[in-house]
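Biologist: I should like a close look at a single part of this model. Please take one loop and set it in the context of the whole chain.

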Amino acid sequence: MSDTLTFSAASALNLEPRLPPNPSSARTSTEQPQSRPFVTLTFATSLDSSLSLAPGVRTRLSGPDSKAMTHYLRSRHDAILVGVSTMLADDPALNCRIQGANSQPRPIIIDPHLRWTPQATDKVLQTCKFGRGLAPFIITTQHHDGIPTASREVLESHGGRYIQIPAQPDKATSRSRFDWRDIMTALHETGLSSVMVEGGANIINSLLHPDYHSLVDSVIVTIAPTWLGQGGVVVSPERVHDEKGTPAAAARLCDVSWIPFGEDVVLCGKLQTS
């Protein structure tokens, strides 16, 4: 394929400590089986912490080297997770195009209210049809009877499915939202042992809330040498306060390393949980 990407063994070695165990490596007798998937949070951002110029506007940030890195990361995870807004804005294929990949990751779409209507012409399903990717699993609040028959049939005919998870009431607002623990439990029950969370902003910001830091095993952020300007879609989690009500940092990385990829730099680390 002309759009196949390559990634050097040396670069892969630099990333290895940040990734889930390689399926080809044997588990030692002292390792305990995981009760949830290994979770990598990864995205590309501008210097002003923006993912895109405006909501719904597809914005290219990654250079060719860091783009290849992203596809290598996909090759090392069982699943890629995105929010429904990303599906509607980008019509992504959500597959892996790295040379030598032995399998494809399963796309996971967080779509509580079924805003995305699967069509056979969607890029993710076309990619599946031609054997270059997998059909998505859709996480929704809707029960079986509330899912349109046509949507369910087109998804299941490609090998995808809907997974119903109840939403939880948010104490701070009148909205209901998924608990990330419920999502990860459901994905683990499908046999997925690693998940690469790619976006968009609402997904990233909610996962960066302190309640969920313990669910994230690795953070890998591509930083492009550009400012998008005011009004962009920003990665900035909800404000948190300490026990005295004083504003505090919402999240901080530890065990940090910086890896240059072309003109971009990739920040790797772990979320502090204490």
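Biologist: In which loop is Leu 114 found?

Modeller: Please bear in mind that this is a predicted model. Leu 114 is found in the loop between strand 4, residues 106–110, and helix 4. The backbone there merits attention, since phi of Leu 114 is near 55°, a positive value in a residue other than glycine. Leu 114 counts as buried because its relative accessibility is 17%, and the cut-off for that class is under 20%.

The loop between strand 4 and helix 4 also holds Thr 121. With a relative accessibility of 65%, Thr 121 counts as exposed, the cut-off for that class being over 50%. The loop therefore includes a buried residue, Leu 114, and an exposed residue, Thr 121. As for distance, the C-alpha atom of Thr 121 is separated by 16 Å from that of Asn 95, and these two residues are 26 apart along the chain.

Helix 4, which bounds the loop on one side, covers residues 123–129, and Lys 123 belongs to this helix. Lys 123 counts as partly exposed because its relative accessibility is 37%. Lys 123 also contributes to a positive surface patch, together with Arg 58, Arg 60 and Lys 67.

Two other sites in the chain may be set beside this loop. One is Ser 49, which has a positive phi of about 65° although it is not a glycine. Ser 49 is placed in the loop between strand 1 (38–45) and strand 2 (50–52). Its relative accessibility of 26% is the reason why Ser 49 counts as partly exposed, whereas Leu 114, at 17%, counts as buried. The other site concerns the peptide bond between Gly 199 and Gly 200, which is cis, with omega about 5°. Gly 200 lies in the loop between strand 9 (194–199) and helix 7 (201–207).

The setting for these local features is a chain with 7 helices and 15 strands. Of its 274 residues, 47% count as buried. The C-alpha trace spans about 50 × 50 × 50 Å along its principal axes. The radius of gyration is 18 Å, which agrees with the value near 19 Å that a compact globule of 274 residues would have.

Key: Residues are numbered from 1 along each chain as its sequence is written. This is a predicted model: local features need pLDDT of at least 70, side-chain atom pairs count only at pLDDT 80 or more; totals for chains, interfaces and linings use all residues. Side-chain values use heavy atoms; hydrogens and water are left out. Patches are made of residues with over 30% relative accessible area and no salt bridge: like charges are joined within 9 Å, nonpolar side chains (Val, Leu, Ile, Met, Phe, Trp, Tyr) within 5 Å. Accessible areas come from the Shrake-Rupley method with a 1.4 Å probe; for residues, only the protein chains shown count as cover. A salt bridge is a side-chain nitrogen of Lys or Arg within 4 Å of a carboxyl oxygen of Asp or Glu. Lys and Arg count as positive and Asp and Glu as negative; His and the chain ends are not counted. The place of a charge is taken as NZ of Lys, CZ of Arg, CG of Asp or CD of Glu. Helices (H or I, at least four residues) and strands (E, at least two) are DSSP runs, numbered from the N terminus. Buried means under 20% relative accessible area, exposed over 50%, partly exposed in between (1.4 Å probe, protein chains only). The radius of gyration is taken over C-alpha atoms; the globule rule is 2.2 Å times the number of residues to the power 0.38.
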